Amino acid sequence: MIKFLDLQKITAKYADEIHAAARRVIDSGWYLLGEESKQFETNYSRYIGTNHCIGCGNGLDALTLIFRGYIEMGVMKAGDEVIVPANTYIASILAITENGLKPVLVEPNLDTYQIDEEKIEEVINEKSKAILIVHLYGQCAYTEKIGMLCKKHNLKLIEDNAQAHGCKYNGKKTGSLGDAAGHSFYPGKNLGALGDAGAITTDDDELAKTVRSLGNYGSQRKYVFRYLGRNSRIDELQAAILNIKLRHLDEDLELRKKAAHRYIKEITNPNIITPIVKDREAHVFHIFPIRCSLRNELQIFLHENGIETLIHYPIPPHKQECYDNWNNRSFPITEKIHREELSLPISAVLTGQEITDVIHAVNKFNA
Ligand SMILES: *Cc1c(COP(=O)(O)O)cnc(C)c1O
């Protein structure tokens, strides 16, 4: 069976370094807010190209803390609107609603699966305060037009960079294109810890200070509490592991891209739609999404041929029980993607033979 994601193999690739780092942290007796996390914040802000990086517990917390930070700064208040793609992973939207803000869902473009820049301006009104773009599947969602709309309407541009570490737009990394970005280092992400971890990147000094405090019980000085904070920090063990994996990230992304571009070139089955990639730098393929009108049949066929696939995602946010007041709304493009999308195995440890086997099996599928 070709696994969708072989985390054991991914970790084994750097096992010696990871074991040594884990041993170092374990033996040090210092497990939180220490040298490893400080080092990771420096390394990662340098990698992304921002003045600040603030480690936190996970990607959802990173996004939640950004909105909460803007609320504490008086930039946003409960009831304000945040524009977000309708086909994103639920966490992007949870970060908005958790802060009492209102998500305004916008359809994606069917060629890129990213928020449709042509459908944004029509939903902007005096309550709009931000656009949360999501670099879904690892592809850059930023466009010049989106940047221009944020300037014109005085909106914050926030990036959900959970799936796109290392992705570039005109030479600049995603995560440095807007006012602030949330990153996830969930184990399955392109840059993955061995547990939960996340980070916020920004050039905004005040936001950086506020979110750091909010993630540390609302404290800026020990035992003095300015905000009703929470506890969301990156731990030393995860930071030490991420410091190692960050050093290898670009070579791993190259391998991912190589696999993806083989898929794009060699999958010739007319029933399958492969991603359209105009700029090789602007897609790091966290996910390799294909579309097929007989998606469920294709998934069964591939399973019978020894290939594990996943669906990203089976149910769109507006059809989820947790957002039941939206269940009757219609987002046809989003629903079409959720009906037709299938994710092929992709990683830095997939072998050339495995890639060939996937391509052959997909090409063999008779619709
Ligand atoms: C994974 C993910 C998140 C959440 O990150 P966690 O670390 O799992 O909390 C947010 N947004 C997107 C698009 C994601 O893929």
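## Nonpolar cores

The largest nonpolar core of this chain comprises 37 residues, and Tyr44, Ile120, Ile131 and Phe185 have the most contacts inside it. At least two residues of this core come from each of the following elements: helix H3 (35-48), strand E3 (102-106), strand E4 (128-134), helix H6 (144-153), helix H8 (236-247) and helix H9 (249-266). The greatest contribution is that of H3, which supplies four residues. The model described here is a predicted one.

A second core, separate from the one above, contains 32 residues, including Ile54, Met73, Ile93 and Val211.

## Surroundings of Phe185

Which residues does Phe185 touch, leaving aside those up to four places away in sequence? Phe40, Tyr44, His165 and Leu242 are among them. The contacts of Phe185 also include Leu191, Gly192, Ala193, Gly195, Ala197, Gly198 and Ala199. One of these partners, Tyr44, is itself listed with Phe185 among the residues that have the most contacts inside the largest core.

## Ligand site

The ligand is surrounded by Asn58, Gly59, Leu60, Tyr89, Ala91, Val134, Asp160, Ala162, Gln163, Ser184 and Lys189. Polar atoms of the protein approach the ligand at Gly59, where a polar backbone atom is 2.8 Å from a ligand oxygen. At Asp160, a polar side-chain atom lies 2.8 Å from a nitrogen atom of the ligand. At Lys189, an N or O atom of the side chain is 3.0 Å from an oxygen atom of the ligand. The protein buries 90% of the 380 Å² that the ligand exposes when taken alone.

## Overall architecture

The chain contains twelve helices and 13 strands. Its radius of gyration is 21 Å, close to the 21 Å given by the globule rule for 367 residues, so the chain is as compact as a globular protein of that length. The C-alpha trace spans about 65 × 55 × 40 Å along its principal axes.

Of the 367 residues, 55% count as buried. What share of the contacts between residues at least 6 apart in sequence joins residues at least 24 apart? For this chain the share is 70%. The chain exposes about 16300 Å², of which carbon and sulfur atoms supply 50%.

Note on methods: Residues are numbered from 1 along each chain as its sequence is written. This is a predicted model: local features need pLDDT of at least 70, side-chain atom pairs count only at pLDDT 80 or more; totals for chains, interfaces and linings use all residues. Side-chain values use heavy atoms; hydrogens and water are left out. A nonpolar core is a set of buried Ala, Val, Leu, Ile, Met, Phe, Trp, Tyr and Cys residues joined through side-chain atoms within 4.5 Å. Buried means under 20% relative accessible area, exposed over 50%, partly exposed in between (1.4 Å probe, protein chains only). Contact means heavy atoms within 4.5 Å. A residue is near a molecule or strand if one of its heavy atoms lies within 4 Å of it. A polar contact is a pair of N or O atoms within 3.5 Å; within protein, one must be able to donate a hydrogen and the other to accept it, and residues adjacent in sequence count only if both atoms are side-chain atoms. Accessible areas come from the Shrake-Rupley method with a 1.4 Å probe; for residues, only the protein chains shown count as cover. The radius of gyration is taken over C-alpha atoms; the globule rule is 2.2 Å times the number of residues to the power 0.38.
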